[in-house]
Amino acid sequence: MAAQEGVDLELVLLADGSRSIDAAELRFQREGYATAMQDPAVLAAIGGGYYQRIAVAYVEWGGAHSQKLIVPWMAIDGPESAARFADTLLSSTDRAEGVNAIGTAIALAHELIETNAYDAARKVIDFSGDSANNMDGPPLAPARAQALAAGVTINGLAVLCYACSGPPVSYDLVSAFERSITGGPGSFVISADNTTRFTDAVRRKLILEIAGKPARTKAPAS
C-alpha cells in the first residue's frame with residue numbers, strides 16, 4: 001500500500017442536495033462553499049497547521065441511491081489549490097436527487113475518510129441541511145455511531161432558511177442536529193437563516209474546523 005500524504009485535516013463537506021433544494025439554492029450553496037474556501041482567513045488557518053495543507057472532498061446528499069461526489073479528494077494548501085476546488089465545484093453539472101437519506105450520507109462520508117490517500121490526526125464530517133429527518137435508506141443512528149467510534153467528528157450547519165418557506169415548525173433544527181447528527185470531540189452546530197449569514201457561517205465553520213477550535217452553537221448575528 002502506498003504511503004499516505006500527511007495533512008492537518010481530512011474534511012468531507014456533506015451539502016444538502018435533496019429535493020427540498022432547488023437549482024437556484026444549489027447554485028447559491030456551491031458558491032458559498034467556493035467563496036469560503038478561497039477566503040484569506042480560511043487560507044491563513046490552513047497555513048497555520050503543521051503540514052500547512054488539508055484534504056477536502058465535497059459531497060451532495062439526497063436519496064439513498066443519489067449521493068454525489070462533486071469534488072473528489074484534493075489537497076488544499078494555498079490560493080491556487082483553493083481556486084481549483086472552487087472551479088471544480090462550480091463547474092459540475094451533476095446533482096443529487098430524492099428525499100433525505102442522512103444515514104447513507106454519513107456512512108458514505110465515513111467510508112471516504114477511511115479509504116482516501118491522506119493521513120491526518122483530525123477527521124471531520126461537515127454536514128449541512130435544512131432538515132434532520134432521515135426519510136430514506138438505512139437508519140441514521142448506526143452510521144453516526146460507527147463514525148464517532150472511529151474517531152471522526154461530525155459538525156453541522158443548520159440551514160434555517162436562505163431561499164425557502166422557512167425552518168421546520170415541529171422541532172428546533174439546531175437541537176435536532178445536536179441530538180441526532182453531530183458528535184465527537186469539539187463538535188458544534190452553526191446556524192444560518194439568510195443568504196449573507198449562510199456564506200459567513202460556511203467561512204466561520206471552515207476556520208473553526210481547520211484550526212480545531214470549539215464553537216458556540218449558533219453563529220453571531222451579523
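Student: At roughly what angle do the axes of helix 1 and helix 3 cross?

Tutor: Let's start with where these helices are in this predicted model: helix 1 covers residues 23-37, and helix 3 covers residues 79-91. Their axes come within 8 Å. The crossing angle is roughly 175°.

Student: Is helix 1 roughly parallel or roughly antiparallel to helix 3?

Tutor: An angle over 145 degrees counts as roughly antiparallel. The axes cross at roughly 175°, so helix 1 relative to helix 3 is roughly antiparallel.

Student: Which residues in helix 3 does helix 1 meet?

Tutor: Look first at the helix 1 side, where you will find Arg-27, Arg-30, Glu-31, Tyr-33, Ala-34 and Met-37. Across from them, the partners in helix 3 are Ala-82, Phe-85, Ala-86, Leu-89 and Leu-90.

Student: How many residues of the contact of helix 1 with helix 3 are nonpolar?

Tutor: Good thing to sort out! Three residues of this contact are charged and none is polar. The nonpolar ones number eight.

Student: Is Ala-83 buried, partly exposed or exposed?

Tutor: Ala-83 lies in helix 3, and its C-alpha atom is separated by 8.1 Å from that of Met-37, 46 residues apart along the chain. Buried would need a relative accessible area under 20%, and exposed one over 50%. Ala-83 has 24%, so this residue is partly exposed.

Student: What is phi of Gln-52 near?

Tutor: You can find Gln-52 in the loop between helix 2 (40-47) and strand 3 (54-61). With a relative accessible area of 45%, Gln-52 is partly exposed. Its phi is positive, in a residue other than glycine, and is near 60°.

Student: What share of the residues of the protein count as buried?

Tutor: Let's step back to the whole protein, which has seven helices and eight strands. It exposes about 9,500 Å², with carbon and sulfur atoms supplying 52% of that area. Of its 222 residues, the buried share is 51%.

Student: Among contacts between residues at least 6 apart in sequence, what share join residues at least 24 apart?

Tutor: Here we count pairs by how far apart they sit in sequence, leaving out those under 6 apart. The share joining residues at least 24 apart is 79%.

Student: Where is the pLDDT below 50?

Tutor: The mean pLDDT of the protein is 88, and 89% of its residues reach 70 or more. Where pLDDT is low, the predicted coordinates should not be read in detail. The stretch below 50 has 24 contacts in the model beyond near neighbours in sequence, and it covers residues 214-222.

Methods. Residues are numbered from 1 along each chain as its sequence is written. This is a predicted model: local features need pLDDT of at least 70, side-chain atom pairs count only at pLDDT 80 or more; totals for chains, interfaces and linings use all residues. Side-chain values use heavy atoms; hydrogens and water are left out. pLDDT is the predictor's confidence in each residue, from 0 to 100. Helices (H or I, at least four residues) and strands (E, at least two) are DSSP runs, numbered from the N terminus. Contact means heavy atoms within 4.5 Å. Axes are lines fitted to C-alpha atoms, for helices over the stretch in contact, and angles run from 0 to 180 degrees between N-to-C directions. Angles under 35 degrees count as roughly parallel, over 145 as roughly antiparallel, 65 to 115 as roughly perpendicular and the rest as oblique. Ala, Val, Leu, Ile, Met, Phe, Trp, Tyr, Cys and Pro count as nonpolar, Asp, Glu, Lys and Arg as charged, and the others, Gly among them, as polar. Buried means under 20% relative accessible area, exposed over 50%, partly exposed in between (1.4 Å probe, protein chains only). Accessible areas come from the Shrake-Rupley method with a 1.4 Å probe; for residues, only the protein chains shown count as cover.
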